[in-house]
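Subject: Structure handover

Hello,

Here is the structure I said I would pass on. Please have it open while you read the notes under it.

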Amino acid sequence: MNLILLGPPGAGKGTQAERLMSRYDIPQLSTGEMLRAAVAEGSDLGKQAKIIMEAGNLVPDDLMIKLISERIGHEDCANGFILDGFPRTTAQAQALDAMLVERDLRLDKVISITADEEALIERISGRFSCADCGAGYHDSFKQPRAEGVCDECGGGNFERRKDDNRETVMARLDTYRKQTAPIIPYYEGDGRLVQVDGMAEITAVGDAIQALL
Ligand code: AP5
Ligand code: MG
């Protein structure tokens, strides 16, 4: 099963990828997470990406295409993969199609998750996570049961993504509108695109995706 999760920042791509991963036993390939790992490592890619990500812009296509082309060749992708955050431009979508043809693979579905912009801003600007185990929390919707203590691992270190502030979220949404939304017709044209309402509850969104696969 080869899937793309497409949608604006905060639509729930990462949240739904987790469900799909366990259901189909295929990896989530999140380009955002790969870039954040490169930033943490301080690699050349990370150094370039850091400033771009903090401004809410896109990392150049050639770097992203190389990253994904290499990643889908890994053994854990033998049964498929879930692309989360790639492709994000028409050039990336075309490069992905070329990669798939070369490997004799095809996309099963492109799942476009939609949501209202105000809700996205609220979801993202309140988001934080446990620095030790990655469990996700939210200032308004999901505080840890005991203040300052992670429900999952008992750790006390929490972190926020550098790009999860209102100003950068607005820039990320603008980038999505201008550079990523235009790839929707690219996939609509040949029937690969399906749409789900990302404003529903997390489990309902997951069920809607399941019904389409
Ligand atoms: P990336 O990490 O991909 O960020 P993003 O697209 O902005 O999306 P998010 O990860 O913030 O949101 P999500 O859709 O995964 O939502 P989530 O499930 O977490 O990219 C970061 C940056 O890297 C980019 O800005 C760019 O600079 C660079 N980059 C990455 N890929 C690139 C590429 N291909 N080319 C160029 N540059 C690239 O959910 C959000 C919150 O909402 C969570 O708190 C969650 O619990 C909650 N939530 C989820 N679903 C629901 C629901 N149904 N109801 C209520 N709450 C919900
Ligand atoms: Mg994500």
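A residue is counted as being around a molecule if one of its heavy atoms lies within 4 Å of it. Please keep in mind that this is a predicted model.

The ligand

By that cut-off, ligand 1 has 31 residues around it, and those that come nearest are T15, N57, R88, R127 and R172. The shell is mixed in character: twelve of its residues are nonpolar, ten are polar and nine are charged.

Three contacts to ligand 1 are worth finding on screen. K13 has a polar side-chain atom 2.9 Å from an oxygen atom of ligand 1. T31 places a polar side-chain atom 2.7 Å from a nitrogen atom of the ligand. With G198 the backbone is involved: an N or O atom of its main chain lies 3.4 Å from a nitrogen atom of ligand 1. Ligand 1 exposes 1,000 Å² when taken alone, and the protein buries 88% of that area.

Which elements give two or more residues to this shell? They are α1 (13-24), α2 (31-41) and α9 (202-212). The largest share comes from α2, with four residues.

The five-stranded sheet

Five strands form an open sheet with parallel pairing, in the order β2-β3-β1-β4-β8. At its edges are β2 (28-30) and β8 (193-197), each of which pairs on one side only. Neighbouring strands here are turned against each other by 25° on average, with direction ignored.

Strand β4 (residues 109-114) can be followed to both of its partners. On one side, four bridges pair it in the parallel sense with β1 (residues 2-6), and L3 stands opposite K109 there. On the other, five bridges join β4 to β8, again running parallel. Within that pairing, I111 stands opposite V194, and I113 has V196 as its bridge partner.

Two of the helices that contribute to the ligand shell also lie across this sheet. Helix α2 lies across β2 and β3 (81-84), at about 60° to β2. Helix α9 lies across β4 and β8, and runs at about 155° to β8.

The three-stranded sheet

There is also an open sheet of three strands, ordered β6-β5-β7, with antiparallel pairing. Its edge strands are β6 (136-138) and β7 (158-159), and each pairs on one side only. Three bridges join β5 (residues 127-130) to β6 in the antiparallel sense. S129 has G136 in β6 as its bridge partner.

Backbone points

Most residues other than glycine have a negative phi, and most peptide bonds are trans. Two places in this model depart from that.

Where is the cis peptide bond that joins F86 and P87, and which loop holds P87? The bond has an omega of about 0°, and P87 lies in the loop between β3 and α5 (90-102).

The other place is D25, which has a positive phi of about 55° although it is not a glycine. D25 is in the loop between α1 and β2.

If you want a place to start, begin at ligand 1 with K13 and T31, then follow α2 to β2 and β3.

Regards

Methods
Residues numbered from 1 in each chain as written. Chains lettered and ligands numbered in written order. Predicted model: local features only at pLDDT ≥ 70, side-chain atom pairs only at ≥ 80, totals over all residues. Heavy atoms only, no water. Polar contact = N/O pair within 3.5 Å; in protein donor to acceptor, adjacent residues only side chain to side chain. Areas by Shrake-Rupley, 256 points an atom, 1.4 Å probe, with all protein chains shown as cover. Nonpolar A, V, L, I, M, F, W, Y, C, P; charged D, E, K, R; others polar. Pairing = 2+ DSSP bridges. Axes fitted to C-alpha atoms, helices over the stretch in contact; angles between N-to-C directions. Contact = heavy atoms within 4.5 Å.
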